[in-house]
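This note is addressed to a colleague who is meeting the structure for the first time. The points below may be read alongside the sequence and the model.

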Amino acid sequence: KSFENELQRLKAYREMSAYPEIADVIEDAAMESTQEDDNGRIVELQIIDEDLLGNKNAANNIQKEFRDLFYKKAKIKWEMWNLMYNYFVDGKVFFEHLIDQNKPQEGVIGIKRLPSETMDFEYDPITGEIVGYYQYLAQRPRQRPPTLQDAKEDPTIIVFYPEQISLVHYGYQGATKREFLGYLEKAKQPYNNLRLLETSVVIY
């Protein structure tokens, strides 16, 4: 089965995630991936740049900012399981970087997960870099705006700059750059076989 768009893919993944056997696996995966280590840490930052490691002050400052953002501002200990569960189901997550407009010097004060089904992006076909993100507000069948400027003029679309959003995906792309295959992609065939088997048993 092929999907006409990402909305159909997300719908299929979410239907699969409601199936008892698959739901158990997703919950176990989310639980295992969010366990604390001996130091009470769920995530940590590993600096691999040797030059940066040689500058202890810079490395310590980066580690301090990392812990401050994730553990104090984003409260990752309380949010991580939920974030990982949605990541395993949808295969991608969009985060908005929250900034206090009255105190921009404080930088990012938190993160907010945006619904994957409302998000889209525009990329430069030459460089391949994302130049903007869209969030569709209307529930009607959506149509991607021709240009970034057209999106800014549409009242039913919120446009984000690349530095406002973080996109984390499973790492595999489909036929186009806009298609992201999810964690459940490889489970489609066993899932469909199991559904057909159960149906045939009921009929029999």
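1. Two strands are taken to pair if DSSP finds at least two bridges between them. In that sense β4 and β5 are paired: 4 bridges join them, and the two strands run antiparallel. Within this pairing, Tyr134 has Val159 of β5 as its bridge partner. The reader should bear in mind throughout that the model is a predicted one.

2. Some overall figures come next. The protein chain holds 7 helices and 8 strands. Its C-alpha atoms fill a box of roughly 70 × 50 × 30 Å along the principal axes. The chain has 204 residues, of which 32% count as buried. Among contacts in the chain with a separation of 6 or more, 54% are between residues 24 or more positions apart.

3. In what order do the strands of the open sheet of 3 strands lie? The order is β3-β4-β5, and the pairing is antiparallel. The edge strands are β3 (119-123) and β5 (157-160), each of which pairs on one side only. From one strand to the next, the twist averages 25 degrees.

4. The pairing of β3 with β4 (residues 130-136) is antiparallel and extends over 5 bridges. Met119 stands opposite Gln135 in β4, while Tyr123 has Ile130 of β4 as its bridge partner. The hairpin formed by β3 and β4 has 6 residues between the strands, and Gly128 takes a positive phi near 80 degrees there.

5. Is β4 largely enclosed or largely open? Of the 7 residues of β4, 5 are buried, so this strand is largely enclosed by the rest of the structure.

6. Attention now turns to the nonpolar cores. The largest nonpolar core has 23 residues, and Ile22, Ile26, Val43 and Phe88 touch the most other members. The elements that give two or more residues to this core are α1 (6-17), α2 (20-32), α4 (56-73), α5 (76-90) and β1 (92-99). The largest share, 8 residues, comes from α5. Apart from this core lies another, of 9 residues, among them Phe121, Phe160, Ile165 and Phe180.

7. Which residues does Val43 contact, leaving aside its neighbours within four places in sequence? The partners of Val43 are Phe66, Tyr71, Ile76 and Met80. Tyr71 has a further partner of another kind: the charged end of Arg41 sits over the ring of Tyr71, 4.5 Å from the ring centre.

8. The aromatic residues merit a separate point. A pair of aromatic rings is described by the distance of the centres and the angle of the planes. The count comes to 10 aromatic pairs. One of these is the tilted pair of Phe66 and Phe70, with 4.7 Å centre to centre and 40 degrees between the planes. Both residues lie in helix α4, 4 residues apart, which is about one turn of the helix.

9. Are Phe66 and Phe70 buried or partly exposed? The cut-off for buried is under 20% relative accessible area. Phe66, at 15% relative accessibility, therefore counts as buried. Phe70 has a relative accessible area of 25%, so Phe70 is partly exposed.

10. Another tilted aromatic pair is formed by Phe121 and Tyr123, with 6.4 Å centre to centre and 45 degrees between the planes. Phe121 counts as buried because its relative accessibility is 4%. Tyr123 counts as partly exposed because its relative accessibility is 21%. Ring pairs also link Tyr87, Phe88, Tyr170 and Tyr183 into a cluster. Phe88 of this cluster has already been named among the residues that touch the most other members of the largest nonpolar core.

11. A final remark concerns Lys75. What is notable about its backbone is that phi is near 50 degrees, a positive value in a residue other than glycine. Lys75 has its place in the loop between α4 and α5. With a relative accessible area of 45%, Lys75 is partly exposed.

Note on methods. Residues are numbered from 1 along each chain as its sequence is written. This is a predicted model: local features need pLDDT of at least 70, side-chain atom pairs count only at pLDDT 80 or more; totals for chains, interfaces and linings use all residues. Side-chain values use heavy atoms; hydrogens and water are left out. A nonpolar core is a set of buried Ala, Val, Leu, Ile, Met, Phe, Trp, Tyr and Cys residues joined through side-chain atoms within 4.5 Å. Buried means under 20% relative accessible area, exposed over 50%, partly exposed in between (1.4 Å probe, protein chains only). Contact means heavy atoms within 4.5 Å. Axes are lines fitted to C-alpha atoms, for helices over the stretch in contact, and angles run from 0 to 180 degrees between N-to-C directions. Rings of Phe, Tyr and Trp (its six-membered ring) pair if their centres lie within 6.5 Å; planes under 30 degrees apart count as stacked, over 60 as edge-to-face and the rest as tilted. A charge sits over a ring if NZ of Lys or CZ of Arg is within 6 Å of the ring centre and within 35 degrees of the ring normal.
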